[in-house]
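Got your viewer open? Let's take a walk through this one together, one selection at a time.

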Amino acid sequence: LIAGGAASRRHFGPTLKGWRLRIASELAVSVAASAVTAPLVAYTFGRISLIAPLTNLIAAPVIGIAQPMLFLALLLSPLEAAARFCAEAVHPLILAFDQVATVAAAVPGASAVVHATPSTAVLSALAAAAIVSACVSRHPARPAIVAGAALSMIVMAPVLPNVYRGDVELHVLDVGQGDAALLRTPRGRWVLLDAGPAWEGGDAGRSTILPYLRKRGGTLEAFVLSHPHTDHVGGAASVLEELEPPVYWDAAFAGGSAAYMASLASARAEGIEWRRVHPGDATTLDGVRFSFLAPDSVWTVGLTDPNLASTVTLIEYGVVRFLLVGDAELAEEEWLLREYPAGLRADVLKVGHHGSSTSSSDAFLAAVKPRAAVISVGARNTYGHPSNDVLRALRNAGAEILRTDQSGTIIARTDGVRLELEAEGERWELDHE
């Protein structure tokens, strides 16, 4: 970066003086910094900022002033009153920095979506090296052309046809205390089942789901919502606005959270077809069958708790079955046992209600007979999930237990016959029944 600044002064010095030279030099450094960090940013967020070199000209002085105050607050941490004074004094600068980022992000074309595959990582590194080379070279045209070509290939990758041909994969995402799962078909297309939580200033759709999908490529073909609690629907509006899946499946429980209403508004604004889930509804995508077992409107009409009206989805590919039950509790499990006494068997169970003791009865687990049980749960959550009784019941049922609070995102993969699990960078195949 220092070389970039020196090179810019060498290139622009003969023609620019004073403040013009300083701006040109700072812009060159900002471009170099953006280029060098582009591979990491692309891999983490699935985007490359195109406006960052300009916004850095504004943001850098703000942070330059804020940083000494923040370090001073850290040094004064033993003196609580003095540390708090320094930290609060820098608050307006932090707000200004946030405002710069917010305004810049709203500019059309401010960033480009990329698929952070190994090939795009290599292209990003090549572009970064070429831009740095152009900054320090007396003949920058050739490395600039190389950088432009590499960046063009990166930006074009998301609009090219997806060439994924592989197994069916259920990705249970680590979204903290909430639920979000992605089903990838053999042709690399996706279905999202729940969208994780939302919080002040953010949501799991923006922070986790969208980067996860951008990194792997492929289109989102449907969104399935289990029920309208914020820890399941919080990220939906962000995902629907960005990816515009053709259909939104919903249990349609009366009332709901602000996040749920936002998801419906987003679906309406993007022209996404809204469909109410009924028992017996089914659809097939690339050979994968999605069947909805619940809820039934006759059952839900007298309910006040959306958990008891959770969408229950059975996913089948070949002879392998996945069962996702949302936050279904004991009463809905009893209804399922009455309606489908021999139809609940599943190789992978997405455990109900984050492993709460209000779900996963012995009778229900006996009917499902899961080979693997995946629990989506936040680390050190205040609800006490998962329940020790549920963990004991799952072990007694013969299920291998995986938890997102311990293993992060968990993947179950099948070719229709074999079943493989992946967590914490390791893969292993489950024995057949």
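Start by selecting Leu264, which sits in helix α11, residues 258-269. Helices here are DSSP runs of H or I with at least four residues, strands are runs of E with at least two, and both are numbered from the N terminus. Before you click on, know that this is a predicted model, where local features need pLDDT of at least 70, side-chain atom pairs count only at pLDDT 80 or more, and totals for chains, interfaces and linings use all residues. Residues are numbered from 1 along each chain as its sequence is written, and side-chain values use heavy atoms, with hydrogens and water left out.

Which residues does Leu264 touch, not counting those up to four places away in sequence? Light up Tyr248, Asp250 and Trp274; a contact means heavy atoms within 4.5 Å. Now add Ala236: its C-alpha atom is 9.0 Å from that of Leu264, though the two are 28 residues apart along the chain.

Next, colour the open sheet of nine strands, in the order β10-β9-β8-β5-β4-β3-β18-β19-β20, with mixed pairing. Two strands pair if DSSP finds at least two bridges between them. At the edges stand β10 (273-276) and β20 (426-429), each with a single partner strand, so one side of each has no neighbour in the sheet. On average, neighbouring strands are turned by 20 degrees against each other, direction ignored. Axes here are lines fitted to C-alpha atoms, for helices over the stretch in contact, and angles run from 0 to 180 degrees between N-to-C directions.

Zoom in on β3 (residues 168-172) and β18 (residues 410-414): they run antiparallel, joined by five bridges. Pick His171 and you'll find Ile411 of β18 opposite.

Now show the helices on this sheet. Helix α8 (residues 204-216) touches β3, β4 (180-184), β5 (190-195) and β18, and its direction makes about 165 degrees with that of β5. Our starting helix, α11, packs on the sheet too, touching β8 (220-225), β9 (247-250) and β10, at about 150 degrees to the direction of β9.

Last stop: helix α13 (residues 330-339). Select Glu332, Glu333, Trp335 and Leu336, which are buried, meaning under 20% relative accessible area with a 1.4 Å probe, protein chains only. Look down the axis of α13: its buried residues fall within an arc of 155 degrees, so they line one face of the helix. That arc is taken from the directions from the helix axis to the C-beta atoms. Their cover includes β12 (288-294), α12 (297-300), β13 (312-317) and α14 (362-368).

Methods:
Buried < 20%, exposed > 50% of the residue type's maximum accessible area, 1.4 Å probe, protein only.
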